[in-house]
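Me: I want the reasoning behind the labels, not just the labels. Take me through this model step by step.

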Amino acid sequence: MARILLTGGLGYIGSHTAFALLEAGYDVTIIDNCSNSTERVLERFEKQFGAARRPDFFKGDVRDRDFFVRVFSHASIDGVIHFVALKSVDESFAQRDEYFDVNVEGTRALCEVMAAHGVRRIVYSSSACVYGAPEKNPIPETATLQPTNPYGETKVACEKMLQEISSRDKDFSAVILRYFNPAGAHASGLIGEAPKHPANIAAVIMEYLRGMRDVIKINGADYETPDGTCVRDFIHVVDLAAAHIAALEFGAVHRGAHIYNVGTGRGFSVQEMITAFAAAANREIKTEVGPRRAGDVATAVADPTKINTDFGWHAERSLTEIAQSAVNWITQNPHGFED
Ligand SMILES: NC(=O)c1ccc[n+]([C@@H]2O[C@H](COP(=O)([O-])OP(=O)(O)OC[C@H]3O[C@@H](n4cnc5c(N)ncnc54)[C@H](O)[C@@H]3O)[C@@H](O)[C@H]2O)c1
């Protein structure tokens, strides 16, 4: 069976994708520097799949070429899913150079070592951030790329890099997935989002429910949306993980660079998200409206027609299931992976 290398495989989306890959019979190798995750995630893999199927793990930095060479020399790798990135929109303004270094130079280092080892299949984690303030919603992949923050700029730079490599090397395959807003957790309750640096509304709500915040600050309630809060396309992380398997299979038979939105095609507001979590937790959630956050846009909803058609993949899970699975995760693991 094929072995897939996951960079950032201990992180939120990476760990859920590793679960999906192991469920589908793939072997998994993970690299991660644990800057936003913990090695204890590996125990959860073992609990679910047994010691024999525990992923190989290498701790190191995605910018370190010598480290990558050691990883690629250890076992034959058939394909790569590249999750590693710094991902906070806010932080990316203050730490622009670091964001370009990790996100763009890290991707360059990975691609160079892949080429040196004859590995020519990659699935790349891009983001709806590349669209910035979209001209229309739902957003097709053909929309203009105009990111409103340095984080989004790094994603555009990486997409271009992969497109350039694909046009130079006709055997190279890059499937670029533009995620909308992942949330929720695996139904087992064994893995879920437990970031050291929460960067999205679901992670913030979970911190509130775990007693780490007294109130949830809503970043602006004066947007041109039905309730004034931002509207996003929240996609269940288990659906997103399944999209990676479909992308790997597509990349195995299609060369070149291919770009796909990964979303549901339905928008829900930040306020609706909070309400869904309050219902799932059967608790009131206190909110307070703050100013708008730099780089945010009013509405961003995917047009998922292309991925629905080409991969036969559809998002199956609802906002209610997102909230219920996330609440199940934090109820079973009040201290995240540190229990
Ligand atoms: N979660 C979202 O809302 C979202 C939305 C759109 C796109 N994305 C993209 O999806 C990918 C995965 O996101 P996630 O939510 O799982 O993030 P995450 O932070 O949970 O996972 C990223 C992992 O990369 C590791 N890492 C960070 N810097 C590293 C480095 N220099 N070397 C090695 N490892 C390093 C972290 O420790 C972490 O485990 C990222 O590329 C992100 O930009 C995420």
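Reply: Start with the term. A nonpolar core is a set of buried Ala, Val, Leu, Ile, Met, Phe, Trp, Tyr and Cys residues joined through side-chain atoms within 4.5 Å. Note that the model is predicted.

Me: Which residues touch the most other members of the largest nonpolar core?

Reply: M273, F277 and F311 do, in a core of 74 residues. Helix α8 (residues 237-253) gives the most to this core, ten residues.

Me: What makes A202 a contact of F277?

Reply: Contact requires heavy atoms within 4.5 Å. A202 is in contact with F277, as are I205, M206, L209, I285, A323, A326 and V327. That list leaves aside neighbours within four places in sequence. Another core, of 28 residues, lies apart; V71, V104, A174 and I176 are among them.

Me: Why is the pairing of K87 with the ligand called a polar contact?

Reply: A polar contact is a pair of N or O atoms within 3.5 Å, and a polar side-chain atom of K87 lies 2.6 Å from a ligand oxygen, so the pair qualifies. For Y151, the value is also 2.6 Å to an oxygen atom of the ligand. An N or O atom in the side chain of K155 is 2.8 Å from a ligand oxygen.

Me: How much of the ligand does the protein cover?

Reply: The protein covers 96% of the 810 Å² of accessible area that the ligand has on its own.

Me: What surrounds the ligand?

Reply: 28 residues do; D32, S37, F83, K87 and Y151 are the closest. By class, 13 are nonpolar, ten polar and five charged. Strand β5 gives the largest share, three residues.

Terms used:
Residues numbered from 1 in each chain as written. Predicted model: local features only at pLDDT ≥ 70, side-chain atom pairs only at ≥ 80, totals over all residues. Heavy atoms only, no water. Buried < 20%, exposed > 50% of the residue type's maximum accessible area, 1.4 Å probe, protein only. Helix = DSSP H or I, 4+ residues; strand = E, 2+ residues; numbered from the N terminus. Near = heavy atom within 4 Å. Polar contact = N/O pair within 3.5 Å; in protein donor to acceptor, adjacent residues only side chain to side chain. Areas by Shrake-Rupley, 256 points an atom, 1.4 Å probe, with all protein chains shown as cover. Nonpolar A, V, L, I, M, F, W, Y, C, P; charged D, E, K, R; others polar.
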